[in-house]
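User: I've got a model open and I'd like to know what stands behind the words people use for it. Can you walk me through them?

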Amino acid sequence: MIEAKNKLGIVFFPAFDWAITPSHPEREERLLYTMDQIREEGIFDIKGIKTYNPELATEKDIQRVHFCYPDVKSVVPQPHLISAGGAITAAKCVMENQTDKSFAIVRPPGHHAHRVVYGDRGFCIINIEAVMVENIRQHYGNKKIAIVDTDCHHGDGTQDIYWNDDQTLFISFHQDGRTLFPGTGFVEEFGGPGAIGYNINIPLPPGTGEQGFLYVLDNLVLPILEEYKPDLTINSAGQDNHYTDPITNMNFTAQGYAKLNDKLDPDIAVLEGGYSIEGALPYINLGIMLAMAGVDYSGIKEPDYHPDKIKQAPEITEYIKRVCEQIYVAWKNKDQISQKALKGRQWVTRQRQIYYDTDGIMEHQTENIKVCKKCPGLIIIKSNASRGGKDSIFAISIPRNACNQCIDEGYRKYKKQSTIRYNKVFLQDKVNDLFKAK
C-alpha cells in the first residue's frame with residue numbers, strides 16, 4: 001500500500017441543489033468528474049488520505065466577514081453555507097492536528113464576494129476563504145496568514161476584505177484584468193493605509209504557460225512568503241488557467257498545477273474556479289492532492305497534452321520577468337511607499353463601482369479608512385445598489401486589532417447614524433466578535 005508523506009484531509013461538497021443554470025459551466029459535474037477520477041486512480045487506497053464531511057457555516061461566521069443586505073438569511077442560500085463550512089472543516093483538520101494538510105473541494109466558490117454583499121457576482125455570494133480565515137482566528141488565535149490566489153480571475157473579493165489588514169498577505173496571480181472579468185488586479189492595487197504592500201497583484205498576459213507561472217512562483221511569490229513568514233499558507237485554488245478552460249485564455253497544465261502546489265506547500269487549499277469539467281479539473285485536482293500528500297505526481301498528464309501546441313511565446317516570458325522585478329522592488333520599498341502616500345492624511349477614500357454580473361446589480365460605494373498610528377484604522381462604508389429600486393447601507397468595520405480610540409469612534413458613529421437616510425446601518429466589531437444592525 002502506498003503511504004502519504006503528509007496526512008491529507010479532503011472535504012468534498014458538489015452542491016447538487018445549486019447551479020447558475022443546468023448547462024452553465026459552474027455546475028455540480030465540476031466536482032463529480034473529479035470524484036470519478038480520483039476513485040478510479042485509487043486515491044482513497046493511499047494510507048494517510050481521508051475524507052471529511054463539511055459542516056454548516058453559521059450566521060455569525062458570515063457576519064465576521066460580510067455586510068449582507070438586508071441580512072444573511074435573505075441573501076445566502078444553504079449550499080453557500082455548506083461550501084464555506086467545508087472550508088472551515090478543512091481548516092479544523094489542520095488546526096487540530098487531525099491532518100497535516102487539507103483540500104476543500106467544494107462549490108459554490110467565493111473569491112469574488114466583497115465585504116458588502118447584495119447578491120451573486122462571479123458565481124460567489126460569500127467569500128468562503130475569508131469566512132474560514134476569520135473562523136480560524138476566532139477559535140485558534142490571531143494567526144498571520146498568507147492567501148495565494150492562483151485562479152485565472154483576479155480574487156477581487158478577497159482583496160477587498162483584506163485590503164487594510166497587514167496580518168493577511170494577499171497575493172493573486174491571474175490573467176490581466178484588461179482581458180478578463182472582473183477587470184481588476186493591477187500592480188498599483190497595493191493595499192489600504194494600514195497595509196500598504198500587503199496586497200500583491202501579478203497580472204499575466206493571455207497565453208502564459210507553465211514556464212511563466214512557475215517563474216512567478218520561484219522568483220516573486222516564494223521570496224515574498226519567505227520574508228513575510230506566515231503562520232499558515234492558504235491556496236485559493238482556481239483551476240481555470242488550464243489550456244482547455246472554456247472561459248479563459250491561459251496555457252497552464254495539470255502537471256504544472258501539481259508542481260506549483262508542491263513548491264508553494266500550502267497548509268490548506270480551497271477550490272475556486274475551473275470550468276473545463278472533463279478535460280482539466282479531474283487531472284488538476286488529482287495532481288494537487290498527490291502533491292499535498294507528498295506522493296509522486298509525475299505521471300499526471302492530460303490525454304490531449306501536446307507541449308508544442310501550448311508553448312509560451314518569448315515576448316510573454318520577457319514581459320513576466322519585468323513585471324516580477326517591478327513588484328519585488330515595490331515589496332522591498334513598501335514602508336517608504338506607505339510613508340509618502342499617507343503623509344499628512346487623516347482618512348483615505350476610495351470611490352468604486354462594483355457590478356454583480358450574475359444578478360445584474362450595480363453597487364456604488366464610498367469607502368473611508370482612518371489613518372491611525374496605533375492600529376489599521378476604522379473603516380466606514382457608504383453604499384447603494386440599483387436593481388429597480390435603490391437600497392443603501394452605512395457600515396462600520398472595527399478591525400481585529402483596533403485601538404481603544406477607534407473602537408469608541410466606531411460605536412459613536414453607529415449610535416449617531418440615522419436609519420432615515422439609509423435602509424440599514426451595520427456595525428462589525430472584530431475586537432469583541434460582535435455584529436449589530438438597525
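Analyst: Here is how some common terms apply to this chain. The model is predicted, so local features need pLDDT of at least 70 and side-chain atom pairs count only at pLDDT 80 or more, while totals for chains, interfaces and linings use all residues. Residues are numbered from 1 along each chain as its sequence is written, and side-chain values use heavy atoms, with hydrogens and water left out.

User: What makes the radius of gyration of the protein chain agree with a compact globule?

Analyst: The rule, over C-alpha atoms, is 2.2 Å times the number of residues to the power 0.38. For 438 residues that gives a value near 22 Å, and the chain has 21 Å, so the two agree. The C-alpha atoms fill a box of roughly 65 × 45 × 45 Å along the principal axes.

User: Why is S392 called buried?

Analyst: Buried means under 20% relative accessible area, exposed means over 50%, and partly exposed lies in between, using a 1.4 Å probe and protein chains only. S392 has 13% relative accessibility, so it counts as buried. Across the chain, buried residues make up 62% of the 438.

User: What does S392 touch?

Analyst: Contact means heavy atoms within 4.5 Å. Leaving out residues up to four places away in sequence, S392 touches Y69, Y118, S383, N384, R421, Y422, N423 and K424. S392 sits in strand β14, residues 389-398; strands are DSSP runs of E with at least two residues, and helices are runs of H or I with at least four, numbered from the N terminus. The whole chain has 12 helices and 16 strands.

User: How do you know that helix α8 is mostly covered?

Analyst: Eight of its 11 residues, in the stretch 254-264, are buried. Those are A254, Q255, G256, Y257, A258, L260, N261 and L264. Their cover includes β6 (145-149), β7 (168-175), α7 (210-228), β9 (232-237) and α9 (281-293). Right after α8 comes D265, with a positive phi near 55°.

User: What makes a set of residues a nonpolar core?

Analyst: The residues must be buried Ala, Val, Leu, Ile, Met, Phe, Trp, Tyr or Cys, joined through side-chain atoms within 4.5 Å. The largest such core has 67 residues, and those with the most contacts inside it are I43, L169, F173, I200, I202 and V221. Another core lies apart from it, with 44 residues, among them C68, V117, I126 and A130.

User: And which residues does L169 touch?

Analyst: Not counting residues up to four places away in sequence, its partners are I145, A146, I147, Y198, I200, I224, L225, Y228 and W331.
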